[in-house]
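Me: Please examine the structure shown below and answer a series of questions about it.
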Amino acid sequence: MEPLLRALEAVNERLVTCHLCGNVDTVDPCGICADPRRDPRALCVVEDVSDLWALDKSRLFPGRFHVLGGRLSALDGVRPEDLTIDGLVARVEAGGIDEVVLAMNATLEGQTTAHYLAERLERFPIRLTQLAHGVPVGGELDYLDEGTLAQALRARRPVG
Ligand SMILES: [Zn+2]
């Protein structure tokens, strides 16, 4: 156990928060921000680093990320200034970004945060998109909760 613990400690000591996106890595800027193959015009906004890792593992998003560090919550007293929202606005304001994807969780607080961000980013000439919420892959309709089903129905699109 001893060598393993020492190795873990060594990694932990080297972890830093990327000053550009808020990702946690052993280098700053992080591997994603420093990767020239990433599309700099697409930015995906997530609540937490774990969401960034989940999305990045899927390899479906070609751009870069922005970690908010949480979600707005009246209950927990999380206000806009507690999150990296000003940093996000500054990144968009700096230009060079065509699309911002709001990838908040499908919770009340996540959606409240997405609405707030949409208002803050409204004045910029960007395409503002949001993750579609709906029937999960492998999901059977009769097992879905009412909220998921309602979202899926609202986000319905033409066939083919
Ligand atoms: Zn980064």
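The questions and replies below treat the fold, the cores, two buried residues and a surface patch.

Me: On what basis are the values given, and in which order do helices and strands follow along the sequence?
Reply: This is a predicted model, in which local features need pLDDT of at least 70, side-chain atom pairs count only at pLDDT 80 or more, and totals for chains, interfaces and linings use all residues. Residues are numbered from 1 along each chain as its sequence is written, and side-chain values use heavy atoms, with hydrogens and water left out. Helices (H or I, at least four residues) and strands (E, at least two) are DSSP runs numbered from the N terminus; the chain has six of each. Read along the sequence, the pattern is α-β-β-α-β-α-β-α-β-α-β-α.

Me: Which element gives the largest share of the largest nonpolar core?
Reply: A nonpolar core is a set of buried Ala, Val, Leu, Ile, Met, Phe, Trp, Tyr and Cys residues joined through side-chain atoms within 4.5 Å, where buried means under 20% relative accessible area, exposed over 50% and partly exposed in between (1.4 Å probe, protein chains only). The largest core has 18 residues, and V45, V100, L117 and L121 touch the most other members. Two or more residues come from each of β3 (39-46), α4 (85-93), β5 (99-102) and α5 (108-121). The largest share, four residues, comes from α4.

Me: How far from D51 is the nearest side chain of opposite charge?
Reply: D51 lies in helix α3 (residues 49-58) and is buried yet has no salt bridge. A salt bridge is a side-chain nitrogen of Lys or Arg within 4 Å of a carboxyl oxygen of Asp or Glu; for charge, Lys and Arg count as positive and Asp and Glu as negative, with His and the chain ends not counted. The nearest side chain of opposite charge, R71, is away by 5.6 Å.

Me: Why does T113 count as buried?
Reply: T113 is found in helix α5. Leaving aside neighbours within four places in sequence, T113 is in contact (heavy atoms within 4.5 Å) with L68, R71, L72 and M104. T113 counts as buried because its relative accessibility is 0%.

Me: What is the approximate area of the nonpolar surface patch that includes L8?
Reply: L8 lies in helix α1 (residues 2-14) and is exposed, with a relative accessible area of 51%. Patches are made of residues with over 30% relative accessible area and no salt bridge, like charges being joined within 9 Å and nonpolar side chains (Val, Leu, Ile, Met, Phe, Trp, Tyr) within 5 Å. Accessible areas come from the Shrake-Rupley method with a 1.4 Å probe; for residues, only the protein chains shown count as cover. M1, L4, L5 and L8 make a patch of about 450 Å².
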